[in-house]
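Reader: I'm new to reading protein models and would love a slow, close look at one part of this one. Could you pick out the metal site and then show me what sits around it?

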Amino acid sequence: MEKFAKPGDFCPNEACADYGKLQTSQQQNIKKSGLTAKGVQRYQCKACLKTFTETYGTIFYGKRTSEHEILETLALLAEGTRISTLSRVKGHKEDTILQWLREAAQHTEQIEEVLMAEYRVKRGQLDALWAYVRNKGEKKLSRNG
Ligand SMILES: [Zn+2]
């Protein structure tokens, strides 16, 4: 099981000087910034002023791939694009995409909010996506993405 940093522990904005730096008692640039409509904690980075939710504090930490790319891939999957097609078109290993899916499935509430709000994914498509993950999740993958 991959270890995740806690939400609000770092800035997820790749363009930010503080990107990926864990906060310490000396350096605290991430502040709480209210809740989303669904009650998910929102944070703001004082260095770049970007706001983000717990979503970004979990599955995206430590990934080389941008959060936009991961979310877009998940959105396309939800819309019914096959993993093999996405792998070919986007250039990510199928195992990597499956890994993102499995991690997303552990944070469905936060991921759903972003996918529905920013990528226009529908409720039913998300349900199908999580069902797909549960089936795929049973199989052991040959390597980790
Ligand atoms: Zn920042």
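Author: Here is a walk that starts at the metal site and then moves out to the strands, the helices and a few single residues.

Before we zoom in, keep in mind that this is a predicted model. The protein has five helices and three strands, and along the sequence they come in the pattern β-β-β-α-α-α-α-α. So let's begin with the metal.

Which residues hold the zinc ion? There are four cysteines, Cys11, Cys16, Cys45 and Cys48, and each one offers its SG atom at 2.3 to 2.4 Å. The angles among the four donor atoms run from 103 to 120°, and the site of the zinc ion is tetrahedral. As a yardstick, the ideal angle for four tetrahedral donors is 109.5 degrees. If you trace the donors along the chain, you'll find the spacing C-x4-C-x28-C-x2-C. Look at Cys11 and Cys45 as a pair: Cys11 is in the segment before β1, Cys45 is in strand β2, and they are 34 residues apart, so this pair links distant parts of the chain. Are these two buried or exposed? Both Cys11 and Cys45 are buried.

Cys45 takes us straight into the sheet, since strand β2 covers residues 41–45. The sheet is an open one, made of three strands in the order β1-β2-β3, with antiparallel pairing. At its edges are β1 (30–35) and β3 (51–53), and each of these pairs on one side only. From one strand to the next, the twist averages 35°. If you'd like to follow one pairing in detail, try β2 with β3: they run in the antiparallel sense and share three bridges. On that side of the sheet, Arg42 stands opposite Thr53 in β3.

Now slide along to the loop between β2 and β3, where you'll find Leu49. What is unusual to look for here? Most residues other than glycine have a negative phi. Leu49 is not glycine, yet its phi is positive, near 70°. Leu49 is also exposed, with a relative accessible area of 56%.

A second residue of this kind turns up further along. Arg120 comes just after α4 and belongs to the loop between α4 and α5 (123–137). The phi of Arg120 is near 60°, again a positive value in a residue other than glycine. Arg120 counts as exposed, at 63% relative accessibility.

That brings us to the helices. Two packed helices are described by the angle between their axes and the distance between the axes. Start with helix α1 (residues 67–78) and helix α3 (residues 94–105), which pack at an angle of about 85° with their axes 10 Å apart. Why call them roughly perpendicular? That label covers angles of 65 to 115 degrees, and α1 and α3 are therefore roughly perpendicular to each other. Where they touch, α1 brings Ile70, Thr73, Leu74 and Leu77, while α3 brings Ile97, Trp100, Leu101 and Ala104.

Helix α1 has another partner in α4, and here too the angle is about 85° and the axes are 10 Å apart. These two helices are therefore roughly perpendicular to each other as well. The contact involves His68, Leu71, Glu72, Leu74 and Ala75 of α1, together with Ile111, Val114, Leu115 and Tyr119 of α4. Now check the α4 side for burial: in helix α4 (residues 108–119), the buried residues include Ile111, Val114, Leu115 and Tyr119.

Let's finish with two residues that sit far along the chain from a partner. Glu103 lies in helix α3 and is buried, with a relative accessible area of 3%. Glu103 and Val133 are 30 residues apart along the chain, and their C-alpha atoms are separated by 9.7 Å. Ala128, in helix α5, is partly exposed, with a relative accessible area of 46%. From Ala128 to Ala78 you count 50 residues in sequence, but the C-alpha to C-alpha distance in space is 7.1 Å.

Stepping back to the whole protein, 43% of its 145 residues count as buried. Among the contacts with a separation of 6 or more, 51% come from residues 24 or more positions apart.

Methods:
Residues numbered from 1 in each chain as written. Predicted model: local features only at pLDDT ≥ 70, side-chain atom pairs only at ≥ 80, totals over all residues. Heavy atoms only, no water. Pairing = 2+ DSSP bridges. Helix = DSSP H or I, 4+ residues; strand = E, 2+ residues; numbered from the N terminus. Axes fitted to C-alpha atoms, helices over the stretch in contact; angles between N-to-C directions. Donors = N, O, S within 2.8 Å, 3.2 Å for Na, K, Ca; no water. Tetrahedral: all angles 85-135°; square planar, octahedral: opposite > 155°, others 65-115°. Buried < 20%, exposed > 50% of the residue type's maximum accessible area, 1.4 Å probe, protein only. Parallel < 35°, antiparallel > 145°, perpendicular 65-115°, else oblique. Contact = heavy atoms within 4.5 Å.
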